[in-house]
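Biologist: I should like to understand how descriptive terms are assigned to a protein model. May I ask for the reasoning behind each one?

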Amino acid sequence: MNGFLQIVRRDLHLAMRQGMDSLMVVAFFVIAVVLFPFGVGPESSILARIAPGVIWVAALLSSMLSLERLFQADYEDGSLELLALQPVALEITVMAKVTVHWLTTGLPLIVAAPLLAVLMNLPDDGFVPLMIALALGTPALSLIGTIGAALILGSRRGGILLSLLVLPLYIPVLIFGVSAVDAVIGGFSARPQLLILSGLLVAALPLCPWAGAAAVRQGIE
Amino acid sequence: MPHFTGTDLVCFRGERTVFTDLDFALAPGDALVLRGPNGSGKSSLLRVMAGLSQPLAGTVTWDKEAIAEDPEAHNHRLHYIGHADPVKPVLTVTENLNFWISLRLEGGVDDAIKAALGRLGISHLADVPGRFLSAGQKRRVNLARIVAAPAPLWLLDEPHTALDQAAMDNLDDAIAGHRDGGGMVVMSSHAMAAPEDAQTIDLGHFQERAH
């Protein structure tokens, strides 16, 4: 536990000092969503219809944007090799990295989402399920993405490879995240969708750090 | 007394046999120097000893127990210095060291850092951010990391790289102190700088045989 907290603290510290990364992810999220009213026109009923999907897709893409750097900086300066040689299980180290990724990208996305929902004219009923779905879904995105981030270690063109690896795995989260919001807007309960999202998160929680650690070991060998 | 040994090690990298049937045995206080031209497998052997890569055949053991059995216990007793010095440019020297050392020490981290910086002759750099350090200074920070948190086994890959004469002397002192306390050192080096009573493995002859 001590090792986990130390790594979280150090990575947050690094993120604060380097500052811009986290802000850029949110800026990308905002810009990506803002493009849609320009693209499909300001018809408010159309915007309201596509709002949950647009916000979720933009959230997926922005969460992926910062994944490439998750291990890369530590890999390049030898820190990752050394982290693997500390008396902290590599799975814990990977879990700490996931936590920091979520704190620096997932959490800001959740905070920015209501503003964008207003912009996209999301019906009032949709706000609460959107926030709950994002709160359950973004940690799952960080967890799943970690496997991809670890697999691309040492490869050139890592960013494109990463999106090919990770985006297909994001699809279940996208489907249930969007349909949770749509269900409530349509007058149904979002409970089944939210339960499935929770299930995805609970399944990813032990599996992804384990798979990510295996991929990191492969990457630094 | 713990012993660190390797038997019948075979290492294979990139479709090429790097070394075969390699044995080593270290007792507390021993030093082992790996020699050989570039690409002869000095780093590969050190990485096998650290458990970073697996040998194709053979076993590395600590106290008769294979290190692959319990990698975390092995991590606990080793310090490794590789080619890169992991010093984050945006953190100060103290902050950099604080992270690595607090992964190993429960308390007294600040004192350990101060003492280690003093031994490596870089106390004046304590509050300097990593981005202003030269290659030699980064290497000294990396060495301060292993001096500050005691571990019985040091695996050093070309530790003298980028160091000036004074720093090399500091390093040699640190190694001597470590061995006096019952520690073991394995280091690769083409520099003449090596403890006089050290064992040597010359990895060069594996290459000749391969041709």
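The following conversation examines a predicted model.

Biologist: Let us begin with chain B as a whole. How many helices and strands does the secondary structure of chain B come to?

Modeller: The secondary structure of chain B consists of seven helices and nine strands. Along the principal axes, the C-alpha atoms of chain B occupy a box of roughly 50 × 35 × 30 Å.

Biologist: How do you know what radius of gyration a compact globule of 211 residues would have, and what is the value for chain B?

Modeller: The rule takes 2.2 Å times the number of residues to the power 0.38. For 211 residues this gives a radius of gyration near 17 Å, and chain B has 17 Å, so the value agrees with that of a compact globule. In addition, 44% of the 211 residues of chain B count as buried. Of the contacts in chain B with a separation of 6 or more, 72% are accounted for by residues 24 or more positions apart.

Biologist: Why is helix α1 (residues 42-50) of chain B said to be largely enclosed by the rest of the structure?

Modeller: A residue is buried if 20 or more other C-beta atoms lie within 10 Å of its own. Nine of the nine residues of α1(B) are buried, and therefore the helix is described as largely enclosed. Among these buried residues are B:K42, B:L45, B:R47 and B:A50. After α1(B) comes B:G51, with a positive phi near 85°.

Biologist: What makes the phi of B:D21 worth noting?

Modeller: Most residues other than glycine have a negative phi. B:D21 is not a glycine, yet its phi is positive, about 50°. B:D21 is located in strand β2 (residues 16-26) of chain B.

Biologist: Is B:D21 buried or exposed, and why?

Modeller: The cut-off for exposed is 12 or fewer C-beta neighbours. B:D21 has 11 inside 10 Å, and therefore counts as exposed.

Biologist: Which description applies to B:A162, and why?

Modeller: Partly exposed lies in between the limits of 12 and 20. B:A162 has 15 other C-beta atoms within 10 Å, so the description is partly exposed. B:A162 is placed in the loop between β7 (153-157) and α6 (165-180) of chain B. B:A162 is not a glycine either, and its phi is positive, about 70°.

Biologist: Let us turn to pairs of helices. Why is α3(A) called roughly antiparallel to α8(A)?

Modeller: The axes of helix α3 (residues 44-65) and helix α8 (residues 158-185) of chain A come within 9 Å and cross at roughly 150°. Angles over 145 degrees count as roughly antiparallel, and so α3(A) is roughly antiparallel to α8(A). Their crossing is right-handed. Residues making the contact include A:W56 and A:L60 of α3(A), with A:Y170 and A:L174 of α8(A). By class, the contact has ten nonpolar, three polar and one charged residues.

Biologist: What makes α3(B) oblique to α5(B)?

Modeller: The axes of helix α3 (residues 93-102) and helix α5 (residues 135-148) of chain B come within 10 Å and cross at roughly 40°. Angles under 35 degrees count as roughly parallel, and 65 to 115 as roughly perpendicular. The angle fits neither class, nor the antiparallel one, and therefore α3(B) is oblique to α5(B). This crossing, too, is right-handed. The contact involves, among others, B:L97 and B:W100 of α3(B) and B:V141 and B:A144 of α5(B). Its residues divide into seven nonpolar, one polar and one charged.

Biologist: How many residues of chain B are in contact with chain A, and which elements of chain B give two or more of them?

Modeller: In chain B, 18 residues are in contact with 19 residues of chain A. The elements giving two or more residues to this side of chain B are α2 (71-77), β6 (78-81) and α3 of chain B. α2(B) gives the most, with three residues. By class, the residues on this side are nine nonpolar, five polar and four charged.

Biologist: Finally, why does A:L5 count as exposed?

Modeller: A:L5 belongs to helix α1 (residues 2-18) of chain A. A:L5 has 12 C-beta neighbours inside 10 Å, and 12 or fewer is the condition for exposed, so A:L5 counts as exposed. From A:L5 to A:A96 the C-alpha distance is 7.5 Å, although the two are 91 residues apart in sequence.

Definitions and conventions:
Residues numbered from 1 in each chain as written. Chains lettered and ligands numbered in written order. Predicted model: local features only at pLDDT ≥ 70, side-chain atom pairs only at ≥ 80, totals over all residues. Axes fitted to C-alpha atoms, helices over the stretch in contact; angles between N-to-C directions. Helix = DSSP H or I, 4+ residues; strand = E, 2+ residues; numbered from the N terminus. Left-handed = near helix turned anticlockwise from the far one by under 90°. Contact = placed C-beta atoms within 7 Å. Nonpolar A, V, L, I, M, F, W, Y, C, P; charged D, E, K, R; others polar.
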